[in-house]
Amino acid sequence: MSGPYRVTLLQLKPDLSAAGSPTDKLDLGSQSLEDVFALAGKLQKVDISANPKLEPALLVYRGEKGWRIVANRGLLRVHESTSSIDDYWTVDSPKGLANLPPFRQSNASASGTPGSWSAVPNRPRRRSALRTGFEIVGLLLLGVVLIAVGLWYGMPHRRLSDLPGNVVVINTSPEKESLFSAVAGIYTTGTGKKPGDAILEITPDGHVSLKSIGKDGKPINPPRIDGEQAKAGRRDQAACLVTSFGIVAASEPNAVKVGRFRWQRTSSN
């Protein structure tokens with residue numbers, strides 16, 4: 001049965017019976033909501049203990065928007081984009097996906113039978129009409145409150161646009177170009193040649209790419225981040241970049257930090 005979602009398998013066997021190779025990628029085409037839930041249930045059971053560096057995933061698209069579903073310690077994570085480093089929701093079963101914004105369906109019914117007035121004097125009828133009006137207003141206000149609460153608990157709270165207090169974005173030249181040049185280069189979390197290593201490339205004009213090394217020793221395509229334009233900034237007077245995956249800050253000569261992780265420069269651009 002076709003549906004509004006398009007699904008692509010990453011690092012999975014076609015029947016989701018087991019994990020595949022780091023380069024496995026299969027487009028399943030159009031799938032219904034129930035199909036997506038069924039695929040997520042199979043993904044949740046995939047055992048990667050033999051190769052923990054694998055990251056089996058479902059890429060689910062609806063129109064131009066996409067999400068990434070992965071299994072982690074028996075739970076399902078739904079990233080708010082197809083990137084594995086983006087914010088995510090966590091649910092304990094495929095049924096829980098139905099409560100998340102990407103898969104939430106409207107069950108509102110417009111059916112109903114309007115009531116009729118009984119033969120009563122005008123004054124009681126007016127009181128009844130006023131009471132009904134107040135009840136409608138009360139229900140509307142309650143609905144607004146419930147929607148606000150649902151959005152608060154259903155959406156990720158961290159916003160990439162919320163910068164730490166010690167970070168200042170620089171928009172003026174030539175200081176912006178100088179900051180980009182200060183952190184430009186190629187950085188890795190290891191040698192950049194072993195499976196599981198990550199490579200961060202920053203160009204002198206501030207474009208950022210983030211790649212992972214696959215089991216064959218080559219970068220996995222497509223990259224996690226491919227040429228994203230970062231913003232130049234300063235954190236505690238040190239040069240930094242503001243990206244969709246966090247703050248890339250110069251921490252010492254020939255090294256940067258992204259969160260708690262240190263990346264070593266291997267070459268300059």
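Which strand holds Ser-209? Keep that in mind while you load the whole thing; this is a predicted model.

**Whole chain first**

Colour by secondary structure and you should find 3 helices and 16 strands. Switch on the surface: the accessible area is about 16,500 Å², and carbon and sulfur atoms own 55% of that. Of the 269 residues in the protein, 33% are buried. If you like contact maps, take the contacts with a separation of 6 or more: 47% of them join residues 24 or more positions apart.

**Stop 1: Ser-209**

Now for the opening question: select residues 207-212, which form strand β10, and you have Ser-209 in hand. Is Ser-209 buried or exposed? With a relative accessibility of 12%, Ser-209 falls under the 20% limit, so Ser-209 counts as buried.

Show its surroundings next. Beyond the neighbours within four places in sequence, Ser-209 contacts two runs of residues: Ile-199, Leu-200 and Glu-201, then Ile-225, Asp-226 and Gly-227. Zoom in on Gly-227, whose backbone nitrogen sits 3.0 Å from a polar atom of the Ser-209 side chain.

**Stop 2: Lys-211 and Glu-201**

Stay on β10 and pick Lys-211. Its side chain makes a salt bridge with Glu-201, with 3.8 Å between the closest N and O atoms. Glu-201 belongs to strand β9 (residues 198-202) and Lys-211 to strand β10, so this pair ties together parts that are 10 residues apart in sequence. Both ends are partly exposed: Lys-211 has a relative accessible area of 25%, and Glu-201 has 24%. You have met Glu-201 already, among the contacts of Ser-209.

**Stop 3: Thr-188**

Select residues 185-188, strand β8, and centre on Thr-188. At 4% relative accessibility, Thr-188 is another buried residue. What does Thr-188 touch, not counting residues up to four places away in sequence? Light up Ala-198 and Ile-199, then Trp-263, Gln-264 and Thr-266. Ile-199 should look familiar, as Ser-209 is in contact with Ile-199 too.

**Stop 4: Arg-262 and Glu-252**

From Trp-263, step back to Arg-262. The Arg-262 side chain meets that of Glu-252 in a salt bridge, at 3.1 Å from N to O. Why call it a link between separate parts of the chain? Arg-262 lies in strand β16 (residues 261-267) while Glu-252 lies in strand β14 (residues 246-252), so the bridge ties together parts 10 residues apart in sequence. Turn the surface back on here: Arg-262 is partly exposed at 39%, and Glu-252 is partly exposed at 38%.

**Stop 5: Glu-175 and Arg-234**

Last selection: Glu-175 plus Arg-234. Their side chains form a salt bridge, with N and O 3.1 Å apart. This one connects a helix to a strand: Glu-175 is in α3 (residues 175-183) and Arg-234 is in β12 (residues 231-235), so the pair ties together parts that are 59 residues apart in sequence. Glu-175 is partly exposed, with a relative accessible area of 33%, and Arg-234 is partly exposed as well, at 27%.

How many salt bridges does the count come to? The total is 4, and the tour has visited some of them, including Glu-175 with Arg-234 and Arg-262 with Glu-252.

Methods
Residues numbered from 1 in each chain as written. Predicted model: local features only at pLDDT ≥ 70, side-chain atom pairs only at ≥ 80, totals over all residues. Heavy atoms only, no water. Helix = DSSP H or I, 4+ residues; strand = E, 2+ residues; numbered from the N terminus. Buried < 20%, exposed > 50% of the residue type's maximum accessible area, 1.4 Å probe, protein only. Polar contact = N/O pair within 3.5 Å; in protein donor to acceptor, adjacent residues only side chain to side chain. Contact = heavy atoms within 4.5 Å. Areas by Shrake-Rupley, 256 points an atom, 1.4 Å probe, with all protein chains shown as cover.
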